[in-house]
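Reader: I have a new model open on my screen. Could you show me how to read it, feature by feature?

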Amino acid sequence: MSSISENVEDRLSMLPEDILSEILSLMPTKFAVRTSLLSKRWRYTWTSVTNLDFDYTWRDPCKENNISEFVDGNEESFIKIMDRVLKFRKTSHVNLFRLHISSSGVPQSSISSWIDDAVKLNVRELDVCVIQSELPLSVFTCNTLTNLRLELKAGDNINGWEFPSTIHLPCLKTLDIVGCRNHFSIHGCPVLESLSLEVACLDDEDLILNIPTLKRLKLLCRSAYSDENNRIILRVPKVEYLFVDGVLCSPFEMEDVTSLVGVSITCWRSSSEFLWVDTLNKIRGVQNLSIFNFLFTSPLPVFPNMKQLELTYIWEPGQIFQFLESCPELKSLCIDSVWWMDFQKPKPPACMLTNLTTFKFSKCEGGTSDIGFLEYMLGNALVLKTVTVFALENLLIEDDPWFCAQVLKIPRASQHCEIHFRLWDLPSPLRLEYLFNDLDEEED
């Protein structure tokens, strides 16, 4: 057994240096450095890695994707490792530098120095998540950066950190900003294609995004209150995908969004119904829409180009049919959950008679409400080809398949309709983003 292990180790050690460096670049840097203990052959291999990935954080299990400030007494050891790695590096460039630190025991001067060193190494992708209110200015004048993600926890300053007024990032294509307190204009990024931005609706200042090259925009709107005095003004003529999350707290003004293909709105609260309907009116030319449930009484606009619709959370029949009637060309429908009780079934919308071929029911619990909804969809969609029901595991037990049998007995208006059963899927807002990525790959 030992001879086999030795042979495997020999074969791995015989690989060219650049291949070994590439392998070590795929793992967190602390593990790459530990390979120096394997043998003399491996002692300095880690010094040639092109990705540097450091994570010294504590994440609150009660808060999704949220780091929390801490001190654990190991800060001095971490600082020594960081300094050693950057000192003994052999390569003159870095593809990725990822630095996530939530320990308040690490000096801000050290963090700034490490980031500055990464910039001097011609870094291409920089991902920084730290507890401090400023970064070295070299970050914002780096000629080699193509991807930049900045998440700064500003300590006691609840308003966040301030983005510099002047930047020069000539190669930057992707920018992700979290926790910034000032509304800034993106200048100095002539090839920027993707922007993710946390927006705080706290004052009367408008957010103006004038980015002619932008193709993908994600806005996370946060607000403790909103009187709709500020606006979000989008001058992004090439934007194809728009994601809006958080609180719908400001009216959108969109100039020339004819290139817009897909929109995802997962706002869980709004200051008024007007903002919902007004926003939908301005995106009525989209082909793909994912939207979180909202209460509305005003008529919806007609979406003449809509091909794919996803309704997330719990929807009532009246809301569902208003959307279906507003999407005459709809081909694919995905619904999370329905409340289908004591509802008089209406005449099927036009899309169910001519175009709707795919239906996904992503959170089926198997109750009377769910069965009633499936009966309506299967009994009235004339050209339906595929129905996928994502159900709880207890409904799909092979030894007692009563739920599947009940669904399969429902009469179908389409002779070519197939029904598939799957276990409960990923959260709906994520699926649409994957869908958009898939569409990009198909176009390429």
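Author: Happy to; we will go from the overall fold to one helix and then to the cysteines. Keep in mind that this is a predicted model.

Reader: What does the protein chain hold in helices and strands?

Author: The protein chain has 11 helices and 20 strands. Of its 444 residues, 49% count as buried. About 22,300 Å² is exposed, and carbon and sulfur atoms supply 52% of that area. For contacts with a separation of 6 or more, 55% join residues 24 or more positions apart.

Reader: Let's turn to a helix. Which residues of helix α7 are buried?

Author: A general idea helps here: residues three or four places apart in an α-helix point the same way, because there are 3.6 residues a turn. Helix α7 spans residues 317–325, and its buried residues are P317, Q319, I320, F321, F323 and L324.

Reader: What covers the buried residues of α7?

Author: The cover includes the helices α6 (273–282), α8 (350–354) and α9 (368–380). Strands contribute too, among them β15 (288–292), β16 (308–315) and β17 (332–338).

Reader: Now the cysteines. How many disulfides does the structure hold?

Author: In general, a disulfide is a covalent bond between the sulfur atoms of two cysteines. This structure holds 0 disulfides. For C171, the nearest cysteine sulfur is that of C142, 8.5 Å away. C171 is partly exposed, with a relative accessible area of 34%.

Reader: Why is C364 not bonded to C404?

Author: The sulfur of C404 is the closest cysteine sulfur to that of C364, but at 9.5 Å it is too far for a bond. C364 is buried, with a relative accessible area of 0%.

Technical notes:
Residues are numbered from 1 along each chain as its sequence is written. This is a predicted model: local features need pLDDT of at least 70, side-chain atom pairs count only at pLDDT 80 or more; totals for chains, interfaces and linings use all residues. Side-chain values use heavy atoms; hydrogens and water are left out. Buried means under 20% relative accessible area, exposed over 50%, partly exposed in between (1.4 Å probe, protein chains only). Helices (H or I, at least four residues) and strands (E, at least two) are DSSP runs, numbered from the N terminus. Contact means heavy atoms within 4.5 Å. A disulfide is a pair of cysteine sulfur atoms within 2.5 Å. Accessible areas come from the Shrake-Rupley method with a 1.4 Å probe; for residues, only the protein chains shown count as cover.
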